[in-house]
Amino acid sequence: MVNNCYSLSRISELLEWLQEATVFTKLDLHGAYNLVQVQVRDEWKMAFSPRYRHFEYTVMPFGLTNAPAVFQHFMNNIFQDLLDQFVVIYLDDILIYSTSWKDHQQHLCLVLQQLWEHCLFTKLEKCQFWQTTIEFLGHCIPPEGIAMEPGKVEVLSSWQPPWRVKDFLQDTTIHTKLEALFVYSSLPKMEKKIQITSLYEMVPNQEYQNKGILLLLLYFKWTWIGVLVKEDEREGFQQNILSKFSDSEICVEFLEKLKPFHISAIFNGMKHFCELYDIIMNSKANTVIVYEQNVLLLRVLLYLPHMEEVLTKPKAKVWILVSELDLASFTFQKGWDMQGLHGAISFAAYSNEVPGFQTFLQNRDHLFIKEDFFVREVWEQAFGCDYPSSRIEEGTCTGKERLESLPATLFEMSMTGHSYSIYNSVSAVGYALHDMQSSLQKYRMLKKGGKLQNQQPWQTIPTSICSERCHPGYFKQKQEEKPPCCYDCILCPEGKLSNKIDAKYCSGCPEDQYASKDKISCIPKTVTSLTYEEPLGLALIIVAISFFLFTAVIFGIFLKNHHTPIVKANNRGLTYTLLISLQLCFLCALQFLFRPGAIICLFRQITFGLIFSVAVSCLLAKTIIVVLAFLATKPGSRMKKWVGKQLATTIVLSCSLVQAVICILWLAKAPPFPEADMITVTEEIILECNEGSVCMFYCILGYMGFLAVASFIVAFLARNLPSTFNEAKLITFSMLVFCSVWLAFIPAYLSTKGKYVVAVEIFSILASSAGLLSCIFFPKCYIILLKPELNHKELLTQKKH
């Protein structure tokens with residue numbers, strides 16, 4: 001017969017789901033186990049034969065070993081979508097619970113529908129509907145909290161206490177009547193609403209123990225561990241505990257079984273232990289958790305090197321032992337060295353010194369109490385003597401042996417945690433009976449939780465990890481095909497940092513800060529912009545002012561020699577306008593060197609575009625007038641009426657007006673504004689002017705380019721006119737320089753970052769303005785200052801062939 005491993009629900013777990021419920025309905029199935037059909041051709045397995053007949057069950061009968069598990073599985077499959085939602089089931093008892101009357105009606109209909117579809121029926125006389133207080137599985141469930149059924153408590157309250165201790169111990173019915181005392185090895189968490197006052201835990205809670213082990217591993221950063229577990233508990237360990245370890249990023253390098261050690265199969269057992277020993281000592285895991293209640297197997301495992309059964313040298317390991325571990329040794333292990341367990345950590349149940357316990361142990365005649373056969377056997381094994389017979393011989397126990405002389409590994413004089421729990425349980429029962437008899441106020445025992453005993457600290461904390469810890473500035477990257485605890489430490493990428501050990505990822509700094517070179521901290525960025533206070537800005541100012549003064553000198557020369565033919569040629573007014581616009585071009589570069597503000601950003605590109613448009617318009621007007629003037633000299637030409645100051649003024653104003661319209665549209669649509677660029681340069685915050693609309697900015701440059709190209713084309717066509725009008729050649733060359741500068745400006749402007757973008761634009765302004773000044777006015781100044789004999793009308797009008 002193989003037992004069905006399907007477990008029944010624990011009553012305490014079922015009661016946990018009833019915390020907020022206020023309305024209940026209880027159903028009791030009719031037939032119970034008989035509702036399960038026996039598989040065809042398996043009827044003979046449950047046959048029975050009286051004297052003259054043979055019977056075979058077609059349904060599952062009562063009394064079978066696996067009947068409860070099979071029936072519970074049967075019911076859970078039917079109600080799997082409703083379980084723990086508003087239904088709890090224990091065998092044939094069904095409890096429907098709800099938080100409101102409206103919901104309860106819907107829940108009850110769903111349950112009855114499931115029963116109807118599977119042809120299951122209930123006993124109406126045992127069903128209770130729409131109850132606010134109900135009895136279920138021996139408990140009374142009112143809205144204010146869960147309690148025992150009054151009928152069961154009445155057994156205790158009406159029980160006549162014995163007069164003698166002997167009567168109390170001989171009363172075998174005490175074990176069935178003390179149902180008010182709950183004894184659980186692990187009780188699930190309950191809300192405050194569920195109050196079970198008659199509760200005392202006599203054995204350590206497994207859930208708290210596992211939580212304590214987990215916290216211990218996390219505290220010491222032991223993320224790469226090994227586990228030894230009993231052979232029959234491995235599956236449960238994997239389901240209940242390994243998942244919690246994985247959630248906390250604790251990896252298990254090996255999970256091995258601790259098989260029982262049988263003398264009859266000693267060779268196979270030793271082979272298994274040798275293989276297990278090699279696995280443990282060759283692993284990188286320096287922390288090993290032992291889920292085994294008996295220390296015998298662990299001590300045999302660690303004693304293998306002394307027996308010369310293994311070649312692998314022992315290594316220091318941290319052994320974490322469960323709280324139920326029995327540290328008492330067997331007799332044949334009395335002489336074994338305990339250093340193998342040095343550094344082991346055990347979770348012990350809480351214990352305290354009971355007054356008089358030591359005196360009781362020392363004065364009690366353990367050996368000669370007839371009823372105490374267990375102590376007699378322990379005594380013989382501990383002291384290596386035989387129980388005395390009618391005559392005393394050598395090696396016979398005398399009863400004078402002292403328990404305190406035994407090593408602590410064999411016998412502990414202090415009360416263990418388990419004994420202390422039993423002591424408290426018996427005391428609780430005694431006090432309860434005393435209070436019921438004397439009608440005194442109920443004494444409430446104070447439940448004391450477990451605690452980790454103080455240990456001597458290590459001089460060096462051992463490590464148990466798969467990979468070395470990642471220092472600040474690095475982050476963990478999981479190694480392929482390995483557990484999460486095995487990783488590589490990767491340097492944080494540029495601009496990222498990690499300021500803690502074993503960082504999972506690198507984070508960025510705030511926008512106004514940047515990561516340090518070691519990538520462990522953020523450093524505030526420096527606020528900067530290209531201003532006159534910097535060396536580059538100061539140099540540009542000096543250049544701009546120098547060209548401005550140089551242009552002013554040329555302007556003064558032309559004013560002083562305004563009556564000379566070379567100044568009068570090609571419209572003196574346009575020449576003066578061009579010189580003034582060039583002076584303003586040099587000055588407008590200075591506004592780019594002030595700290596960006598609302599006013600500066602709003603007007604610096606606008607003034608630059610308008611001033612340059614006036615300058616280029618003057619050159620365009622000069623070239624057009626040169627062509628018209630040449631055409632006007634031909635006999636019968638009507639172009640004479642177009643040649644004059646009015647035409648020049650019209651050309652300059654109309655061309656400049658178009659640029660002014662573009663600037664007005666720019667200001668109306670998306671005007672420039674100051675902003676802080678925190679991205680372009682890693683370590684700096686660049687104060688700059690956002691153009692608002694890049695399209696409008698390039699429209700201004702494009703229109704200036706259009707005027708320059710038009711001037712270049714007209715001047716290029718007029719380059720071969722008679723030498724009297726040779727200014728066309730100067731304009732052609734100046735426009736070639738002007739266009740070259742601004743064509744080179746575009747890629748340089750787009751590729752430059754930070755505050756040097758402004759320097760590129762300033763350089764283009766100064767270079768293009770200086771090109772116009774030098775190409776057009778330097779030759780004329782040369783004639784005025786150094787060759788005055790050429791500055792005569794006769795020479796200017798002389799034709800050269």
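The following questions and answers work through salt bridges, one helix and the aromatic pairs of a predicted model.

Student: How many salt bridges does the structure hold?
Tutor: Side chains of opposite charge can pair when their charged atoms come close. Under a cut-off of 4 Å between a side-chain nitrogen of Lys or Arg and a carboxyl oxygen of Asp or Glu, the number of salt bridges in the structure is five.

Student: How many residues apart in sequence are the parts that the salt bridge of Lys476 and Glu249 ties together?
Tutor: The side chains of Lys476 and Glu249 meet in a salt bridge with an N to O distance of 3.8 Å. Lys476 belongs to strand β15 (residues 474–478), whereas Glu249 sits in the loop between α9 (242–247) and β11 (251–258), so the parts tied together are separated in sequence by 227 residues.

Student: Which residues are linked with Glu249 in a network of salt bridges?
Tutor: Glu249 has a relative accessible area of 31% and is therefore partly exposed. Its network of salt bridges takes in two lysines, namely Lys476 and Lys504.

Student: Over the face of which residue does Lys476 lie?
Tutor: Besides its salt bridge with Glu249, Lys476 is placed over an aromatic ring, at 4.9 Å from the ring centre. The residue that carries this ring is Tyr487.

Student: With which residue does Asp502 form a salt bridge, the closest N and O atoms being 3.3 Å apart?
Tutor: Asp502 lies in the loop between β17 (496–497) and β18 (507–508), and its partner lies in the loop between α14 (417–438) and β15, so the pair ties together parts that are 33 residues apart in sequence. The partner is partly exposed, with a relative accessible area of 32%. The residue that forms this salt bridge with Asp502 is Arg469.

Student: Is Lys519, which forms a salt bridge with Glu494, buried or exposed?
Tutor: The closest N and O atoms of Lys519 and Glu494 are 3.6 Å apart. The pair links distant parts of the chain, with Lys519 in the loop between β19 (513–515) and β20 (522–524) and Glu494 in the loop between β16 (487–491) and β17. Glu494 is exposed at a relative accessible area of 71%, whereas for Lys519 the value is 7%, which means that Lys519 is buried.

Student: What span does helix α2 reach from its first C-alpha to its last?
Tutor: Helix α2 (residues 67–78) has 12 residues, for which 16 Å is expected at 1.5 Å a residue. The span in the model is close to that expectation, at 17 Å.

Student: Which elements are included in what covers the buried residues of α2?
Tutor: The buried residues of α2 include Phe71, Met75 and Ile78. What covers the buried residues of this helix includes β4 (87–90), β5 (93–98) and α3 (101–117).

Student: What kind of aromatic pair do Phe550 and Phe778 form?
Tutor: A pair of aromatic rings is described by the distance of the centres and the angle of the planes. For Phe550 and Phe778 the centres are 5.4 Å apart and the planes are at 85 degrees. Planes over 60 degrees apart meet the criterion, so the pair of Phe550 and Phe778 is edge-to-face.

Student: Which helices hold Phe550 and Phe778?
Tutor: Phe550 counts as partly exposed at 40% relative accessibility, and Phe778 counts as partly exposed at 39%. The pair ties together parts that are 228 residues apart in sequence, because the two residues lie in helices α15 and α22.

Methods. Residues numbered from 1 in each chain as written. Predicted model: local features only at pLDDT ≥ 70, side-chain atom pairs only at ≥ 80, totals over all residues. Heavy atoms only, no water. Helix = DSSP H or I, 4+ residues; strand = E, 2+ residues; numbered from the N terminus. Buried < 20%, exposed > 50% of the residue type's maximum accessible area, 1.4 Å probe, protein only. Expected span 1.5 Å × (residues − 1). Contact = heavy atoms within 4.5 Å. Phe/Tyr/Trp six-rings, centres within 6.5 Å; stacked < 30°, edge-to-face > 60°. Lys NZ or Arg CZ within 6 Å of the ring centre and 35° of its normal.
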